[in-house]
Amino acid sequence: MTEDSWERARRILAAAGLPPDRLARCRPLDGGTYNTVEELLLTDGTRHVLKVPPPESAPGMRHERELLVSEAEFYRAAATVDVPAPRVLATGGRHLLMTACPGQSWNGTLTPVEQTALRAELGGLVARLHQVTGPGFGYPSGALGPLAPDWRTAFTTMYDAVLDDARRYRAWLPRPVDEVARTARAAYDTLEEVTTPRLVHFDLWPGNILVDRPEGTPRIGGLIDGERMFWGDPLADFVSLALLGDIEDDRAFLTGYRKAGGRADFDSAARRRLALYRSYLYLIMLIETVPRAVADDDAAWTRKVVAPQLEAALDDIGRHGSGRSKG
């Protein structure tokens, strides 16, 4: 812990109306790949989490500007449907202070029975998130401009921005950028089926799902790191929920999701949209290795694991035809 971190934490606590002299410890938390994340422990045992973005001059992708605005929006929205998530205590242009959720990141220590129960619980929570509607489509941060009146406009802007990042950073992709763009455009018509902007976390891989054992039985303690959220198609959440896999194979999750009122129909048009969203996330994973200057071994791993998934998603855009569903 540096003196700068300590003083910054005390200043932010004071601005939030919390006595800075109660700060007992300030330590960095692992797992963040963009923002600086610190745990603030108070003298009464209360834990808070502080996020601070990198300097504005730091390289990044276009959609990553003002991520903390989106994260605060996600937590406020999640609270309206009683989904466990951090509670915003204070936010400013250069920080986000929030409560800490109980539990540890989902890991491999769970039994198969526990995994099944948790996936069903998670399905119900995500269905509740998807009940929350927004004022327009896109990133609430304004990183790519104001919210759009329709999903096609919003998502094509998001996709074009990522492809622009690929060109700007000369990122390695398994296919030429222009070819990726042409393939994606073939499915843009299906985006018009989405008419209501809904809350999408878009980063619900196990590392952002906390598991707690308040009475021995594991429960979900919180959904965290909502900085990638946007208002859009709830189907997009299924990408990170089945990262590098297929959500249709996750029967426990889908059972919990549908039981809680979530709609999960995988007709031809839905599969084409899902393929679009898969390609979008996998493009981000490949491109961001450049501005983040990841180690060569990590970049090689990303290419080896993610590139085939990107190619499969692009192939699926054409494979599922051009049929459109009702709704």
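**Exercise 1. Determine whether Asp-225 is buried or exposed, and describe its backbone.**

Step 1. Asp-225 has a relative accessible area of 19%, so it is buried; buried means under 20% relative accessible area, exposed over 50%, and partly exposed in between, with a 1.4 Å probe and protein chains only.

Step 2. The model is predicted: local features need pLDDT of at least 70, side-chain atom pairs count only at pLDDT 80 or more, and totals for chains, interfaces and linings use all residues. Residues are numbered from 1 along each chain as its sequence is written, and side-chain values use heavy atoms, with hydrogens and water left out.

Step 3. Asp-225 lies in the loop between S9 and strand S10 (230-232); helices (H or I, at least four residues) and strands (E, at least two) are DSSP runs, numbered from the N terminus. The phi of Asp-225 is positive, near 50°, in a residue other than glycine.

**Exercise 2. State where Leu-244 is found, and give its phi and its accessibility.**

Step 1. The loop between helix H6 (237-241) and helix H7 (251-259) contains Leu-244.

Step 2. Although Leu-244 is not a glycine, its phi is positive, about 65°.

Step 3. With a relative accessible area of 29%, Leu-244 is partly exposed.

**Exercise 3. Reconstruct the sheet that contains S8.**

Step 1. The strand order is S6-S8-S9 in an open sheet of three strands with antiparallel pairing; two strands pair if DSSP finds at least two bridges between them. The edges are strand S6 (104-105) and strand S9 (219-223), each of which pairs on one side only.

Step 2. S6 and S8 are joined by two bridges in the antiparallel sense, and Gln-104 stands opposite Val-211 in S8.

Step 3. Strand S8 (residues 209-212) is joined to S9 by four bridges, also antiparallel. Here Val-211 faces Ile-220 in S9, while Asp-212 has Arg-219 as its bridge partner in S9.

Step 4. Six residues separate S8 and S9, which form a hairpin; in the turn, Gly-216 has a positive phi of about 100°.

Step 5. Helix H3 (residues 112-129) lies across S8 and S9, at about 35° to S9. Axes are lines fitted to C-alpha atoms, for helices over the stretch in contact, and angles run from 0 to 180 degrees between N-to-C directions.

**Exercise 4. Identify the residues at the centre of contacts in the largest nonpolar core.**

Step 1. A nonpolar core is a set of buried Ala, Val, Leu, Ile, Met, Phe, Trp, Tyr and Cys residues joined through side-chain atoms within 4.5 Å.

Step 2. The largest core has 89 residues, and those touching the most other members are Trp-151, Tyr-159, Phe-238, Leu-276 and Tyr-277. Helix H8 (residues 268-287) gives the most to this core, with 13 residues.

Step 3. Beyond residues up to four places away in sequence, Tyr-277 touches several residues, including Trp-151, Phe-155, Leu-191, Phe-202 and Asp-233; contact means heavy atoms within 4.5 Å.

**Exercise 5. Characterise the overall form of the protein chain.**

Step 1. The secondary structure comprises nine helices and ten strands.

Step 2. The radius of gyration is 20 Å, close to the 20 Å that the globule rule gives for 327 residues, so the chain is as compact as a globular protein of that length. The radius is taken over C-alpha atoms, and the rule is 2.2 Å times the number of residues to the power 0.38.

Step 3. The C-alpha trace spans about 60 × 45 × 40 Å along its principal axes, and buried residues make up 52% of the 327 residues.
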